[in-house]
Amino acid sequence: MKKEMILQMINIMKNLLKKYMTTSEDDSTDFMVFLNEELQNIANKLNNAHLIAEVKEDKEIIKKIQEVKKKFNLLKDEEIDEKYLQKILKYQKLVHELEN
C-alpha cells in the first residue's frame, strides 16, 4: 500500500512538470487549466485538513496548517517559474502526507 501511495505522488508531480515543460509561451492554456485545477485541489485538501483525526487532536499542527494556508494563498501573486513549481511540488507532497 505504501508503495502505491508513493507511486501515485510521483505521477502527480510528473504530470505537473510534464505539462510545464511542454508548454509554449504562445499556448499555455492547457498548462494553466491543469495548474488551476491542481491549485484548487491543494486548497481543498488544506481546507479540509482539520477533519483528519491526527490533525484534529494536535493544536500545533492546526496552527501550522493555518500558516501554510496563508502562504499558499500568496502564490496567486507570484510569477510562474521554476521556483513557483518547486513550491507547488512541496504543497503536493504535504497534502499527500496529510492524506496518508
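By the rule used here, in which a cavity is a set of points on a 1 Å grid over the protein atoms alone where a 1.4 Å probe fits but cannot get out, the count comes to one cavity of 30 Å³ or more. This is a predicted model, so local features need pLDDT of at least 70 and side-chain atom pairs count only at pLDDT 80 or more, while totals for chains, interfaces and linings use all residues. Residues are numbered from 1 along each chain as its sequence is written, and side-chain values use heavy atoms, with hydrogens and water left out.

The largest cavity holds about 50 Å³ of space, a volume being the space filled by probe spheres set on points joined across faces, edges and corners. Among its lining residues, which have an atom within 4 Å of a point, are Leu 46, His 50, Val 55 and Lys 69. Helix H4 gives the most to this lining, with four residues, helices being DSSP runs (H or I) of at least four residues, numbered from the N terminus.

Turning to the core, the largest nonpolar one, a set of buried residues (under 20% relative accessible area, 1.4 Å probe, protein chains only) joined through side-chain atoms within 4.5 Å, has 20 residues, and Phe 72 and Tyr 84 are among those with the most contacts inside it.

Finally, there is one aromatic pair, meaning ring centres within 6.5 Å. The rings of Phe 72 and Tyr 91 have their centres 5.0 Å apart and their planes at 75°, so the pair is edge-to-face, a class that takes planes over 60 degrees apart. Phe 72 lies in helix H4 and Tyr 91 in helix H5, 19 residues apart, and both are buried.

Note on methods: On a 1 Å grid over the protein atoms alone, a cavity is a set of points where a 1.4 Å probe fits but cannot get out, and a pocket is an open set with protein on both sides within 12 Å along at least five of seven lines; lining residues have an atom within 4 Å of a point. Helices (H or I, at least four residues) and strands (E, at least two) are DSSP runs, numbered from the N terminus. Buried means under 20% relative accessible area, exposed over 50%, partly exposed in between (1.4 Å probe, protein chains only). Rings of Phe, Tyr and Trp (its six-membered ring) pair if their centres lie within 6.5 Å; planes under 30 degrees apart count as stacked, over 60 as edge-to-face and the rest as tilted.
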